[in-house]
Amino acid sequence: MPSYPDSFPTSARLFERARRVMPGGNTRTTVFIDPFPIYVTDGEGCRVRDADGQWFYDCINNFTAMIHGYAQPEQVAAVTDQLRRGTAFGGPTPSEIELAELLVGRLPAMEQIRFANSGTEGVMMAIKAARAHTGRPRIVKIEGAYHGSYDFAEVSLDSAPGNWGDMPASTAYARGTPQGVLDDVLVVPFNDIAALRAVFAQHGATIAGVLIDPMPNRAGLIPARKDYLEAMTETAHAAGALVIFDEVISFRLGHSGAQGLWGIRPDLTALGKIIGGGFPVGAVAGRAEVMAVFDPTRGKPALPHGGTFTANPVTMRAGLAAMQALTPEAFAHLDDLGAILRDGTNDALARLGLPGACVGLGSLFKVHFTAGPITDYRSVYPGKVEKARLEAFHRGLLNRGVLSASYGLFALSTPMTRADAGKILAAIEDALSDIARAA
């Protein structure tokens, strides 16, 4: 059984090399752990191998992107074939039409789609499209929700008790965020209909759209209530604003994404991660009337948009293979695995007398060590004790051959079996037992 950090000497050496050429040895803040990250060399099915030759169940799957795990034969074949033909061209290819047709077919509210290179870009273009369509500057977003690295989408991502009031204030995530950005983002608590309506009553004439992840990961992975999403749609449309679903992560919840599960028809949807089959991808989709802001056929569009590697055929072919393999049966399998692990984790927490809960839906779940009802970002905000337990949980799993996110997030993949889920659950129970003994 590995023991972090002592069993990872090669990763330690690689990190020292990285520090000489990258700030903090890092090019992705999310993968850093102290004292050094674990360097991965290859993957197969639902497992990955690190630079020291140790195998792990991958329960983060490149932060939810790898829904089929690694080296899935259909994706490998599609990519290998395209590599022989060319990787990117200064013109469109039939592959983008085929993936667009599949995705539009799965999202009944979406009539047209446009590709980008990341989920961040998909969200950014959705926000810009809402502004271009409405002629208004402001967006509404949920406190604590992550929507990528666009300035406006980052507002109040990590607000803390020191700046909490009765209503969330717009707080900067990155140092140097312009005040104008903060002024144009109105932040509301999650699942609070009255607060949402109050913001629209005061600022409705200036709001272009409301941005919502129906199960926001960083805000707790708590599912939105259907009545909240229905009230949001009604309130936004009454004010002439648009509803933007960020389904970069939640699209993995079902054949038609979260909007299919909830029966909500947003005006715009941002996509990414799983639709690229393991390659960089993003997209914005929406009603044709709204997507017309991108249309260049009548001269300069209201919202020009390019990208050297946008809709490159390697990503499109890999994404098409990945999405074709995501059948209703595949989603049912993922739902089954998720239920096993969520129920088992909650049973273990109760049995051990540890405060906390495991929440989520489908192939996604998250472990919290906070006491009390879990309702929104503030209810799961970790204090000193909770942070220490999250860190111990993460390392305890690592030492038992399971990779998860350091903040308690798990994302499952289709190659996992019920037997794999049993082994992962055993590791979770052992890690929780260690925390209970130390309490």
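1. N191 sits in the loop between β6 (185–188) and α8, and in this predicted model its phi is near 60°, a positive value in a residue other than glycine. With a relative accessible area of 12%, N191 is buried, so anyone checking the backbone at this position should bear in mind that the residue falls under the 20% limit for burial.

2. A second residue of this kind is A311, which has a positive phi of about 60° although it is not a glycine. A311 belongs to the loop between α11 (288–291) and α12 (313–325), and its relative accessibility of 10% places it among buried residues.

3. Two cis peptide bonds deserve mention, each leading into a proline. The bond from Y4 to P5 is cis, with omega near 5°, and P5 lies in the segment before α1 (9–21). The bond that joins D34 and P35 is also cis, with omega about 15°, and P35 is found in the loop between α1 and β1 (40–44).

4. Helix α8 (residues 193–203) packs with helix α9 (residues 226–238) at an angle of about 10°, their axes being 10 Å apart, and this angle makes α8 roughly parallel to α9. On the α8 side the contact involves I193, L196, R197 and F200, which meet D227, Y228, A231, M232, E234, T235 and A236 of α9. Sorted by class, the residues of this contact comprise seven nonpolar, one polar and three charged.

5. Helix α13 (residues 328–352) and helix α15 (residues 418–438) have axes that come within 10 Å and cross at roughly 20°; because angles under 35 degrees count as roughly parallel, α13 and α15 are described as roughly parallel to each other. The crossing of α13 past α15 is right-handed. The residues in contact include D336, L337, I340 and L341 of α13, together with R418, A421, I424 and L425 of α15, and by class the contact has 12 nonpolar, three polar and four charged residues.

6. One residue of α15 can be followed into that contact, namely E429. Leaving aside residues up to four places away in sequence, E429 touches G344, A348, R351 and L352, and these four are listed on the α13 side of the contact. E429 counts as partly exposed, at 24% relative accessibility. Its C-alpha atom is separated by 25 Å from that of G53, a residue 376 positions away along the chain.

7. D50 is found in strand β2 (residues 47–50), and with a relative accessible area of 2% this charged residue is buried. Not counting residues up to four places away in sequence, D50 touches F8, I38, Y39, V40, T41 and F56. The C-alpha atoms of D50 and S11, which are 39 residues apart along the chain, are separated by 8.0 Å.

8. The structure holds 12 aromatic pairs, one of which is formed by Y377 and Y381 in an edge-to-face arrangement, 5.9 Å centre to centre with 75° between the planes. Y377 is buried at 7% relative accessibility, whereas Y381 is partly exposed, with a relative accessible area of 26%. Elsewhere, ring pairs link Y4, F8, F36 and F56 into a cluster; F8 and F56 of this cluster are also among the residues that D50 touches, and Y4 precedes the cis bond to P5.

Conventions
Residues are numbered from 1 along each chain as its sequence is written. This is a predicted model: local features need pLDDT of at least 70, side-chain atom pairs count only at pLDDT 80 or more; totals for chains, interfaces and linings use all residues. Side-chain values use heavy atoms; hydrogens and water are left out. Axes are lines fitted to C-alpha atoms, for helices over the stretch in contact, and angles run from 0 to 180 degrees between N-to-C directions. Helices (H or I, at least four residues) and strands (E, at least two) are DSSP runs, numbered from the N terminus. Angles under 35 degrees count as roughly parallel, over 145 as roughly antiparallel, 65 to 115 as roughly perpendicular and the rest as oblique. A crossing is left-handed if the near helix is turned anticlockwise from the far one by less than a right angle, and right-handed if clockwise. Contact means heavy atoms within 4.5 Å. Rings of Phe, Tyr and Trp (its six-membered ring) pair if their centres lie within 6.5 Å; planes under 30 degrees apart count as stacked, over 60 as edge-to-face and the rest as tilted. Buried means under 20% relative accessible area, exposed over 50%, partly exposed in between (1.4 Å probe, protein chains only).
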